[in-house]
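User: I should like to learn how to read the features of a protein model, taking one kind of feature at a time. Could you guide me through the one shown here?

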Amino acid sequence: MAAKEHVRREPATPPPSPPPGLKDEILRHIRSTLGRDPLHPDQYTAFMGLAFSVRDRLIDRWIATQHALYDTMAKRVYFLSLEFLPGRFLKNYLISLRMEDEAREVLGGLGFDLDELEEEEWDAGLGNGGLGRLASCYMDSLACLDLPGYGYGIRYDYGIFHQVIDQGYQKEQSDNWRRRGNPWEIQRRDHLRPVRFFGRTETYLDSLGRRRHRWVEGEAVMAMACDILVPGFGDDYVTNMRLWSARSSREFNLETFNQGDYVGAVEAKVRSETISKVLYPSDEREAGRQLRLMQQYFFVAATLGDILRRYRKIYRSFAELPDAVAIQLNDTHPSIAIPELMRLLLDEEGLAWEETWELCVRTFAYTNHTVLPEALETWPLELIGRLLPRHLEIIYEINHRFLAEVRRRFPDDPGLPSRVSLIQEGGEPRVRMAHLAIVGSHTVNGVAALHSRILRESLFRDFAQIFPDRIRNVTNGVTPRRWLYQSNPTLAELITAAIGPEWVTDLERLAQLEPHAQDPEFRRTWREAKRYNKKRLARYALRKIGMGIDPDTLFDVQVKRLHEYKRQLLNLLHVITLYNRLKAHPQAPAAPRTVIFAGKAAPSYHQAKLILKLITSVAEVVNADQAVQGRLRVVFLPNYCVSQAEKIIPAADLSEQISTAGMEASGTGNMKMALNGALTIGTLDGANVEILEAVGAENIFIFGLTTEEVAARRAAGYDPRRLYAEDEELRRVLDMIATGYFSAGDAGLFAPLVHSLLERGDFYMLLADYRAYLTAQDAASRLFGDPEEWTRRSILKTARMGGFSSDRSVREYARDIWHIQPVAV
């Protein structure tokens, strides 16, 4: 079956009769909602008209879902995440509602192409990387499994930033993703919640003579609820993300305005609404650090108020709270929710401490997403005390009671209390938010088997001793609806033709593909599907950066956030080595290769930004050298986002997952590319370990030190300079970087990168893994030269990825942590 431009999908179940009048609804919204002439729509108005028509259908299903949840009094989970990264909504909604073919036909009658119309939609700027994308995958699975739950976060006005490359350097521009409106957002302007900052606390005696506390004075910011709907697949279940937008409690000071201070008249409004402007404001300055903490408290305070509002509709007592509510903290960002719920129940509801603490612990669960100690959030006591004075008092009391229990249970370990304390002493005292989350939750989970083992045996070893059953594992997963069915329709159609459509909601059925790996005709059509996706990516690259790439080359792909531990620099060392080899031996057998990078560096992460500059500089030299033309090309695609990933991932031949062993919590890019048939080259890190177990050693190129070997090397006194001296190829590569070969003779430009490897200990073990990495790359190159065998392994890779669905992950959360059941709508 040949690949083709537009693919008619086979739905998972027979579609119902199409709702009548989609064309009429589109034209009605163009006239009535947009105020435009429906006789002469342009691309934008056609997109918006279709979007509002789709939203109408979603709203009907959402209302029915809410009725079902209240009628059954179902326990609900509330998923708190500072990030969501949903990507574009239109195609996802059409597929979920089984409307794609109808929409394509109606739009064609109006003179528009659905795929072109989709480009009118900007990616929602609600997240940055894997954390936000995982949250969105889990929301998709919650809806597809009919599980009662909601996502809560912040509706950012500008996202993180729009990345442009200027003379090889990253430049950050505001990501004004809402500048033409967001048709998917339902603003609840009558649903405002006050959130307090600053002020002071006072004690008083209540009517029963009990000593109580209250938080008084300070400043209030209003949180406005903005709902974005999340449908299941092919049924009537629709839930929502509720994202909070900051609004000033005082829009305009007329007295100040009349005195001539026009800027001052709106100053309070601007200051208040800054809270939801940008994701992850720079924390290099005190104002940025304060704004980050304000963001975290802003969204959890509004969320908890909303949760208790919903709870009170059914229950009179808070004794049933853990039986009706599960709150999942997605990383440490929402951890301030623990003292906030304590404050609400203690100060506003009048509960006793012991009862309140038990309710809190039974309600909260915490997912840890990092093993890097520097990534575990801490906040200065002074900042919390100034911004959230009552919360600091509650944190002190939690810590006091917790440490008293630790001393009682472990009298023979006098150092244990200081190691597990919520307060980090020495220097500037700080609150350890991860410790708060662990102590205040009934379950803590890692996101891959290796990661969870590191949590239990190393990072949180003391807590595992105190709470032996608290830390467990739930390996991450990705939604097959977005990352195969939607983003790779050509391959999805081939799979459906071979094994039926049920795999879309039951990914384990992909195992039925295994026998087809032995079929030469099936392998041929599998290659055609891959080549179609590579041609699509080539057209995208030509349009975005004006560079042509050859779809018949090996697409070697590393797309992820720029960070030293993810080791884009190690990839570059291989690129330069390969460049040198091809120059020295033009006739040497090596698969023609296009190395594709994409990803953003944090604005204040200067070393990561310098690595990005080296990528673009190496690309400039390599791509201009006629001696390697047609055999090696290096591409950096700017402004990596979900919609770009949907073009890159289906086209990848080789998936680079090369982080230093023991540093990647899980990784989900590895799962997405493997699901689409890419072979993985990677270390035994994160979920790579479980992928290896699932797909078999012959279908993955594993190299490098293990977690234990990394620790042993460090303990033995790792010396990267010895490797530099002993390895001629490595020495030449580093010398080329150091002497300005890729920087027009400017020897100082990339000196910090070489210095970090040779003089500062090569913390991320690039040189230790360099030679093993080259060996694995050589093996991949040889295998790519045998298309039949490469394709066979590619099919087996996809067939064995059924266990890495986010549906499986969410089922585990629902069964083992949240204790919630599906609800029929």
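Analyst: The turns below take up sheets, a hairpin, a helix, aromatic pairs and a loop. Please bear in mind throughout that this is a predicted model.

User: Let us begin with the sheets. In what order do the strands of the open sheet that contains E17 lie, and in what sense do they pair?

Analyst: A sheet is read from one strand to its neighbour. Here 6 strands form an open sheet, in the order E19-E18-E17-E20-E21-E22, with parallel pairing. Strand E19 (632-636) and strand E22 (700-702) stand at its edges; each has a single partner strand, so one side of each lacks a neighbour in the sheet. From one strand to the next the twist averages 20°.

User: How many bridges join E18 to E19, and how many pair E17 with E18?

Analyst: Strand E18 (residues 593-598) is joined to E19 by 5 bridges, the two running parallel. Within this pairing, isoleucine 596 stands opposite valine 635 of E19. E17 and E18 pair over 6 bridges, in the parallel sense, and there valine 559 stands opposite alanine 598 in E18.

User: Is strand E17 largely enclosed or open?

Analyst: The general idea concerns the two faces: in a regular strand the side chains alternate between the two faces of the sheet. In this case, 6 of the 6 residues of strand E17 (residues 554-559) are buried, so the strand is largely enclosed by the rest of the structure. Both faces are covered, with Leu554, Asp556 and Gln558 buried on one side and Phe555, Val557 and Val559 buried on the other.

User: What is the strand order of the open sheet with mixed pairing?

Analyst: That sheet has 9 strands in the order E5-E8-E9-E2-E1-E10-E11-E15-E16. Its edge strands, strand E5 (185-197) and strand E16 (471-473), each pair on one side only. On average, neighbouring strands are turned by 25° against each other, direction ignored. At one edge, E5 pairs with strand E8 (residues 219-231) in the antiparallel sense over 10 bridges; isoleucine 186 has aspartate 227 in E8 as its bridge partner.

User: Which residue in the turn of the hairpin of E6 and E7 has a positive phi?

Analyst: A hairpin is read from its strands and then its turn. Strand E6 (residues 200-205) and strand E7 (residues 211-216) pair in the antiparallel sense over 6 bridges, and tyrosine 204 has arginine 212 in E7 as its bridge partner. Between the strands are 5 residues, and glycine 209 in the turn has a positive phi of about 80°.

User: Turning to helices, why does the distance between the ends of H21 agree with its number of residues?

Analyst: The helical repeat is the general starting point: an α-helix has 3.6 residues a turn, so residues three or four places apart point the same way. For length, the relevant figure is 1.5 Å a residue: the 26 residues of helix H21 (residues 520-545) should span 38 Å, and the end C-alpha atoms are 37 Å apart, which agrees. At the N-terminal end, aspartate 519 caps H21, with a side-chain oxygen 3.0 Å from the backbone nitrogen of glutamate 521. Just after the helix, glycine 546 takes a positive phi of about 70°.

User: How many aromatic pairs are there, and how is one classified?

Analyst: Two rings pair if their centres lie within 6.5 Å; planes under 30 degrees apart count as stacked, and over 60 as edge-to-face. The count comes to 24 aromatic pairs. The rings of tyrosine 78 and tyrosine 150 have centres 5.7 Å apart and planes at 20°, so this pair is stacked. Tyrosine 78 lies in strand E1 (residues 76-80) and tyrosine 150 in strand E2 (residues 149-154), so the pair ties together parts 72 residues apart in sequence. Tyrosine 78 is buried, at a relative accessible area of 2%, and tyrosine 150 is buried at 1%.

User: Is the pair of tyrosine 138 and tyrosine 813 stacked or edge-to-face?

Analyst: Their ring centres are 5.6 Å apart and their planes lie at 65°, so the pair is edge-to-face. Tyrosine 138 belongs to helix H6 (residues 130-144) and tyrosine 813 to helix H33 (residues 806-818), so parts 675 residues apart in sequence are tied together. Both tyrosines, 138 and 813, are buried.

User: Which charged residue sits over the ring of phenylalanine 555?

Analyst: The charged end of lysine 534 does, 4.7 Å from the ring centre. Likewise, arginine 470 lies over the face of phenylalanine 467, at 3.7 Å from the ring centre.

User: Finally, is asparagine 488 buried or exposed?

Analyst: Asparagine 488 lies in the loop between helix H19 (480-486) and helix H20 (489-499). Its relative accessibility is 1%, so asparagine 488 counts as buried.

Definitions and conventions. Residues are numbered from 1 along each chain as its sequence is written. Side-chain values use heavy atoms; hydrogens and water are left out. Helices (H or I, at least four residues) and strands (E, at least two) are DSSP runs, numbered from the N terminus. The expected span of a helix is 1.5 Å times one less than its number of residues. A polar contact is a pair of N or O atoms within 3.5 Å; within protein, one must be able to donate a hydrogen and the other to accept it, and residues adjacent in sequence count only if both atoms are side-chain atoms. Rings of Phe, Tyr and Trp (its six-membered ring) pair if their centres lie within 6.5 Å; planes under 30 degrees apart count as stacked, over 60 as edge-to-face and the rest as tilted. Buried means under 20% relative accessible area, exposed over 50%, partly exposed in between (1.4 Å probe, protein chains only). A charge sits over a ring if NZ of Lys or CZ of Arg is within 6 Å of the ring centre and within 35 degrees of the ring normal. Two strands pair if DSSP finds at least two bridges between them. Axes are lines fitted to C-alpha atoms, for helices over the stretch in contact, and angles run from 0 to 180 degrees between N-to-C directions.
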